[in-house]
Structure formats: structure tokens, C-alpha cells
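Please open the model in a viewer and keep the sequence panel visible. The tour below proceeds by selection, one stop after another.

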Amino acid sequence: MKKRVKMIIAGCSAFVLISGTALAATAVPRIFINKAEFAQSSLKLKVENGTTMVSLRAIVEQLKGEVTVKDNAIHVSLPESSQLTHQVDGFQHGLQAKTPEEAAETWIRGVQRRSGPMQYAVMSPALQKSTKQKFEDNFWVTGGSSPHMGDVEKKDVKTISPNKVQISFDYPLTMTGGAGSGKASLLVEKVSGTGADYWAISEINLEDPGDTGIMIGAKPLQLQKGK
């Protein structure tokens, strides 16, 4: 916990120093935290002799933390941020799949419910790394207003190796009046975790990656032909 708080404080300090260099040359300094712009007045920004300064308290409070001064020392705490991190880690660990089929089912539910976190939780570490920014850019919401991925009735499970399974299936596209169907193929691999091993999706291949709207991490299915 203490290490995480120190890292966040260091991040805030770096922000102040970088701002002092980069913003000094601009006529109207602008401040962004997690891509959201804040008014200069809310963070008590001021420029003196080429150095840009902001209030540490104002930044920490925007991160839902507290700053207190006691015995000539500054104490920063970020309880909500830390607790939310533990909560998210717990959810992700709880969704790790014990079987390839479970990983596929969780991913399908995530698509149906437009839940980026559910899809992300059953992706392999490499696929998570390559898609995380895209999920964040879309505020962890996928899909669109319509059509949606309907119920999957049958899956074709093919064992490629003891640690690799391919799961293919057709799915209906649901909306008023019907919208056709789609095809998917998931490559699921066994991952060695810090505790027990688990199964995670390493590749997502769809006949049309955009048939349900925003689909993160998917490749066109035709690229896999001939394998």
C-alpha cells in the first residue's frame, strides 16, 4: 500500500516539474488529469519566473485523496484509489477461467452486456497489454446500440495442444426484425499465474469485427484461413 501511494505521489511531482518546462512557453497553460481538462483556477495554477506551480492538495483531492500537515511533514493518503484497485484486481482474479469453455463463455457475456472489463478479464496478459489503451479510450464500454450478439447455441472445440484450444461458433445478431448472423473463432491458452494456472483468450477472430459495434482486440476471421 505504502509503495503504491509513493508511486502516485511521485507521479504528481513529475507532473508539476514537466508542466513547469512544457507550459512555461504557452500563453494560456492547460492542465489535464487522466485526459480530462481542469480549470487553472481549480488547481491554483500560477507561473513565476518560468516555473509553473500547482497545488498538491488540489491534485490529490481530484484523485479522491487527502493531504494533511502534521509535525512539519506533509502526509498524502489516497484511500479510495487504493481500495478500488484492490477491488478491480479481485474481480479480475475471480473471473479467471478454469477451462477454455469458461473463458469463452465469459467473453461472450462481456460482449453481450457491452462490458469491456469482462472481456478484458479473460484475455491473455499479452492481449490485455495490447488492448488496454483501447478499452480506456472507450471508457470500458464496447458494442453499440444495435445489433447485439445473441445467444450462442453450439460451440466447436478443437484441441490444438495440451495448452492451446480453439473454440469456434456462430452467433445471431439481434435487433428488431433480425440482423443476420456472425462467426467467431477464439484461441484460448493456458497461462501460468502467480497461483493456480488459468485459461485465457490469446486471439479473437471474427468474420466481421464490427458487426456488433466496437469490438476490441478482434481480427478479421478470413486472415486465419489456411492455418
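Which residues of H6 are buried? The model is a predicted one, and the first stop is helix H6, residues 125-137. Select Leu 127, Gln 128, Thr 131 and Phe 135: these are the buried residues of the helix. They pack against helix H3 (79-94), H5 and strand E11 (198-206).

**Along helix H6**

Display H6 as a ribbon and turn to Thr 131, on which a kink of about 45° is centred. The length of the helix can be checked as well: its 13 residues should span 18 Å at 1.5 Å a residue, and the end C-alpha atoms lie 19 Å apart, which agrees. Next, move past the end of the helix to Phe 139, which follows H6 and has a positive phi, near 55°.

**The aromatic pairs**

Show the side chains of the aromatic residues; four aromatic pairs are found in the whole structure. Select Tyr 120 and Phe 135, whose rings meet edge-to-face, with 5.7 Å from centre to centre and 85° between the planes. This pair joins distant parts of the chain, since Tyr 120 belongs to helix H5 (residues 116-121) and Phe 135 to H6, 15 residues apart. Tyr 120 is buried at a relative accessible area of 12%, and Phe 135 is buried at 0%.

Now select Phe 169 and Tyr 171, an aromatic pair of the tilted kind, with 6.3 Å between centres and 55° between planes. Phe 169 counts as buried at 3% relative accessibility, as does Tyr 171 at 1%.

Return to Tyr 120 and Phe 135 and add Trp 140 to the selection: ring pairs link these three residues into a cluster.

**The nonpolar cores**

Which members of the largest nonpolar core touch the most other members? Select Trp 107, Phe 169, Tyr 171, Leu 186, Ile 201, Ile 204 and Leu 206, which hold that place in a core of 28 residues. At least two residues of this core come from each of helix H4 (100-112), H6, strand E9 (164-174), strand E10 (181-191) and E11.

Centre the view on Phe 169. Leaving aside neighbours within four places in sequence, Phe 169 is in contact with Trp 107, Ile 108, Val 152, Lys 154, Lys 155, Gly 182, Lys 183, Ala 184 and Leu 186. Another core, of seven residues, lies apart from the largest one; select Ile 31, Leu 43, Leu 45 and Val 54, which are among its members.

**The salt bridges**

The last stop concerns charged side chains, where the count comes to four salt bridges. Select Glu 105 and Lys 155, which form a salt bridge with their closest N and O atoms 2.2 Å apart. Here too distant parts of the chain are linked: Glu 105 lies in helix H4 and Lys 155 in strand E8 (residues 155-161), 50 residues apart. Glu 105 is partly exposed at 32% relative accessibility, and Lys 155 is partly exposed at 24%.

Move on to Arg 30 and Glu 37, joined by a salt bridge whose closest N and O atoms are 2.9 Å apart. Arg 30 is partly exposed, with a relative accessible area of 47%, and Glu 37 is partly exposed, at 43%.

Finally, select Lys 46 and Glu 48, whose side chains form a salt bridge at 3.6 Å, N to O. Lys 46 is partly exposed at 45%, and Glu 48 is partly exposed at 41%.

Definitions and conventions. Residues are numbered from 1 along each chain as its sequence is written. This is a predicted model: local features need pLDDT of at least 70, side-chain atom pairs count only at pLDDT 80 or more; totals for chains, interfaces and linings use all residues. Side-chain values use heavy atoms; hydrogens and water are left out. Rings of Phe, Tyr and Trp (its six-membered ring) pair if their centres lie within 6.5 Å; planes under 30 degrees apart count as stacked, over 60 as edge-to-face and the rest as tilted. Helices (H or I, at least four residues) and strands (E, at least two) are DSSP runs, numbered from the N terminus. Buried means under 20% relative accessible area, exposed over 50%, partly exposed in between (1.4 Å probe, protein chains only). The expected span of a helix is 1.5 Å times one less than its number of residues. The bend at a residue is the angle between axes fitted to the seven residues ending there and the seven starting there. Contact means heavy atoms within 4.5 Å. A nonpolar core is a set of buried Ala, Val, Leu, Ile, Met, Phe, Trp, Tyr and Cys residues joined through side-chain atoms within 4.5 Å.
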